[in-house]
Structure formats: structure tokens, C-alpha cells
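Please find below my notes on the model you sent. They are set out as numbered points, to be read beside the sequence and the coordinates.

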Amino acid sequence: MTRATYRFREHVLTPDTGPDSDPWQYAMECKGCGQRNGSSGSAEDGTEWAADHLKGNPGHLTYREIITRPYRFEPGAWL
Ligand SMILES: [Zn+2]
């Protein structure tokens, strides 16, 4: 039986800014009731949604913004 030799390579995780990368996605969530708007490519959509949500729900004053952005491992040195 032969023994295989494996080589490993360092990889560095970086934000993916390549042409094939996914666009950033923004979503806004009400901390009061957990309702969330659909994610969108624009952060402004979330702030508009929150303003509308506050109009309908006067006590709901706190929100969290959820940002999804792509990452990619870049190959580095062989170990
Ligand atoms: Zn709410």
C-alpha cells in the first residue's frame, strides 16, 4: 500500500468584491415584534420600511439591520 502525501495551503478569507460576487443584501428587523422586511440591495428600503412600521406600531422604536455580504477564501502560501 502506498502512502499518499497531502499538501495544504493557507487560505485567507476576504470580502468578495469580484465581478461574480453576490451584491450586498440589507434587511431590517423590528426588535419589538421580530417582523422583518424582505432583503433588498438597498439599505434605504429598510429604513423606509422601519418608518412605515413605526407608523403602524407606535411603540416599536428599536430595529436591527442585517447585512449579508459575500466572502471568498484566497489561496496563499503552501504549507
Ligand atoms: Zn414591530
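**Notes on the predicted model**

1. Strand β1, which spans residues 9-15, is hardly covered: of its 7 residues, the number that count as buried is 0. Please bear in mind throughout that this is a predicted model.

2. The partner of β1 is strand β4 (residues 71-78), and the two pair in the antiparallel sense over 6 bridges. Two of the residue pairs may be located by eye: L13 has F73 of β4 as its bridge partner, and V12 is bridged to E74 in β4. Strand β4 is likewise hardly covered, with a count of 0 buried residues among its 8.

3. Residue R7 lies in the segment before β1. Is R7 buried or exposed? R7 is exposed, because 6 other C-beta atoms lie within 10 Å, and a residue with 12 or fewer is classed as exposed. Although R7 and W78 are 71 residues apart along the chain, their C-alpha atoms are separated by 7.2 Å.

4. A second pairing joins strand β2 (residues 25-30) to strand β3 (residues 63-68). These strands, β2 and β3, also run in the antiparallel sense, over 6 bridges. Within this pairing, Q25 has T68 of β3 as its bridge partner. Strand β3 is hardly covered, and 0 of its 6 residues count as buried.

5. In what order do the elements of the protein chain run from the N terminus? The order is β-β-α-β-β, which agrees with a total of 1 helix and 4 strands. The helix, α1, covers residues 43-56.

6. Residue L54 sits in helix α1. L54 is classed as partly exposed because 15 other C-beta atoms lie within 10 Å, whereas a buried residue needs 20 or more. L54 and G18 are 36 residues apart in sequence, and their C-alpha atoms are 37 Å apart in space.

7. Residue N57 belongs to the loop between α1 and β3. N57 counts as partly exposed, because it has 13 C-beta neighbours inside 10 Å. Leaving aside residues up to four places away in sequence, N57 touches G32 and C33. From N57 to T17 the C-alpha distance is 38 Å, with their positions 40 residues apart in sequence.

8. How does the overall form of the protein chain compare with that of a compact globule? The radius of gyration is 21 Å, while a compact globule of 79 residues would have a value near 12 Å. Along the principal axes, the C-alpha atoms fill a box of roughly 70 × 30 × 20 Å. Of the 79 residues in the protein chain, 6% count as buried.

9. Contacts in the protein chain often link positions that are far apart in sequence. Among contacts between residues at least 6 apart, 63% join residues at least 24 apart.

10. On confidence, the mean pLDDT of the protein chain is 93, and 99% of the residues reach 70 or more. Where is confidence lowest, and where is it highest? Confidence is lowest in β4, at a mean of 90, and highest in β2, at 98. As a general caution, predicted coordinates should not be read in detail where pLDDT is low.

Notes. Residues numbered from 1 in each chain as written. Predicted model: local features only at pLDDT ≥ 70, side-chain atom pairs only at ≥ 80, totals over all residues. Rg over C-alpha atoms; globule rule 2.2 N^0.38 Å. Contact = placed C-beta atoms within 7 Å. Pairing = 2+ DSSP bridges. pLDDT = per-residue confidence, 0-100.
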